[in-house]
Amino acid sequence: MSDKIGLKEAMSIGIGGMVGGGIFAVLGLAVSLAQGGTPVAFLIGGILALLTSYSYVKMSLVYPDRGGTVKFINEGLGKNVFSGGLNNLLWISYIIMLGLYSSAFGSYAPNLFSITGSTTIDSHIYSSAIILLATGINYYSITVVSKIESYAVIIKLIILIGFIGVGTYGLIGNPNLENFKLSHWEGPINLLTGGMVIFVAYEGFELIANSASDIIDPKKNIPRAYYWSVLFVIVLYMIISAVTIGSLSFSKISDAQDYVLAEAAKPMLGQVGFTVMTVAALISTFSAINASLYGGSRVSYEIAEDDELPHELTSQFWNQPIGLVITAALTLLLVNTLNLESISTSGSVGFLIIFALVNYSAYRLSDKVNAKKSITFAGFLLCLVASIVLVIQQFSANRTGVIVSLSIVFICFLMEFIYKKTKKENS
């Protein structure tokens, strides 16, 4: 029982996974896409996450496994080239999330050090340095990774809730409340696109699946862990985005797009607020990088163990899965070649496709997992439609991001096809 976790710990995993670096990384991007309707964009993304969490609940109860999403896809679709390609996409999507968090860290860090009078350093250097530091910590001790994440969840939630409290009070009489007028909202399609681009801010709830086998009283606590954590984060994101829009003009949000939460604290708390939110962003993104490196290396190990990637990925390097150093190296490449919007788009496309197929797996296994076919199919259909709308809408505004996204999906399936074909020929 000492290894078992209760509802509070399970919810912490879900909330910590969602409120990692996502909100700090994508809030400015969300406002640029949805303008005054940004809280609605977050609601749209949240509804999709909540709908998908239904399938995760049903699958987690019947297939509690540390493989989580990998296990669900293999159970629903069988072990074949298609499911293998999807699992490869899951691993790459972890790497994309790492790129997003690292990019956000690199955007916030120069602001903190410019306050102290240090010479400005290129954001890519900060992003690369934090990846290397987190990799070193993962190699040093997984216990340290766990402790960093548990403390960081508490710190960032306290700061974000404090920001909401002070920020809401500061909205009284603020001229930027004009931003909420419907005339400042983008159209329905752009609101949907905004919700899908920032969908990466919600993907962390799926981490609960990896701990399902350790949750006490699973029939009661697994559904509560998923639903309560997603609902909490939806409300949190909507209020944070509303406070930000009501505190700053759209031009200021655009100028500070990569570190907008720190800028939004200035009207109420001045330079102190800016500094506190910057520190919160650095702690939050650093803990998310730590946790995602650990998760990404385990996903690659699980996929290789299921014979969907070469078995060499089950080998160890310095007492950790070899996938850890590969994940770190690919993240360094990503963060130094793509901008924030392209990384966010790639991550959202990847997770929307994965979640669509988890919903479809639950639909196919609905009798076995005791799921309502209407809900699981709705989740599948909406995730699929959302990914298509995102690709179409972003093609003109962010063509690089779309090309990278589709190329990643293609490479993941091609990689699996080549591996399976080569293995068959050699057997």
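Where in the structure is the place of Gln35? Gln35 is found in the loop that runs between helices α2 (22-34) and α3 (38-62). The model in which this loop is seen is a predicted one. Although Gln35 is not a glycine, its phi is positive, at about 55°. A second case is Asp217, a residue other than glycine whose phi is also positive, near 50°. Asp217 likewise belongs to a loop, here the one between α8 (188-197) and α9 (218-247).

The confidence of the prediction was examined along the protein chain. The average pLDDT is 86, and 97% of the residues score at least 70. Confidence is lowest in strand β1, residues 316-317, where the mean is 76. Helix α15, residues 366-369, has the highest confidence, at 96.

Attention was then given to the second largest pocket, which has a volume of about 330 Å³. Its lining consists of 15 residues. Nearest the centre of this pocket lie Ile92, Leu330, Leu333, Leu334 and Ile408. Three elements each give two or more residues to the lining, namely α5 (81-115), α13 (323-335) and α17 (399-426). Of the contributions to this lining, the largest share comes from α17, with six residues. When the lining is sorted by class, 13 residues are nonpolar and two are polar, while no charged residue is present.

Helix α17 also appears in a feature of the surface. A nonpolar surface patch of about 620 Å² is made by Val81, Phe410, Ile411, Leu414, Met415, Phe417 and Ile418. The most is given to this patch by α17, which supplies six residues. Among the members of the patch, Ile411 is located in helix α17. Helix α17 thus contributes six residues to the lining of the second largest pocket and six residues to the nonpolar patch.

Charged contacts were considered last. The structure holds seven salt bridges. One of them joins Glu75 and Lys71, with the closest N and O atoms 3.1 Å apart. Both Glu75 and Lys71 lie in helix α4, residues 69-77. Within helix α4, the two partners are four residues apart, a spacing of about one turn of the helix.

How values were computed:
Residues numbered from 1 in each chain as written. Predicted model: local features only at pLDDT ≥ 70, side-chain atom pairs only at ≥ 80, totals over all residues. Heavy atoms only, no water. 1 Å grid on protein atoms, 1.4 Å probe; cavity = no way out; pocket = protein on both sides within 12 Å on 5 of 7 lines; lining within 4 Å. Points joined across faces, edges and corners; volume = space filled by probe spheres on them. Nonpolar A, V, L, I, M, F, W, Y, C, P; charged D, E, K, R; others polar. pLDDT = per-residue confidence, 0-100. Patch = residues over 30% accessible without salt bridge, like charges linked within 9 Å, V, L, I, M, F, W, Y side chains within 5 Å. Areas by Shrake-Rupley, 256 points an atom, 1.4 Å probe, with all protein chains shown as cover. Salt bridge = Lys/Arg side-chain N within 4 Å of Asp/Glu carboxyl O.
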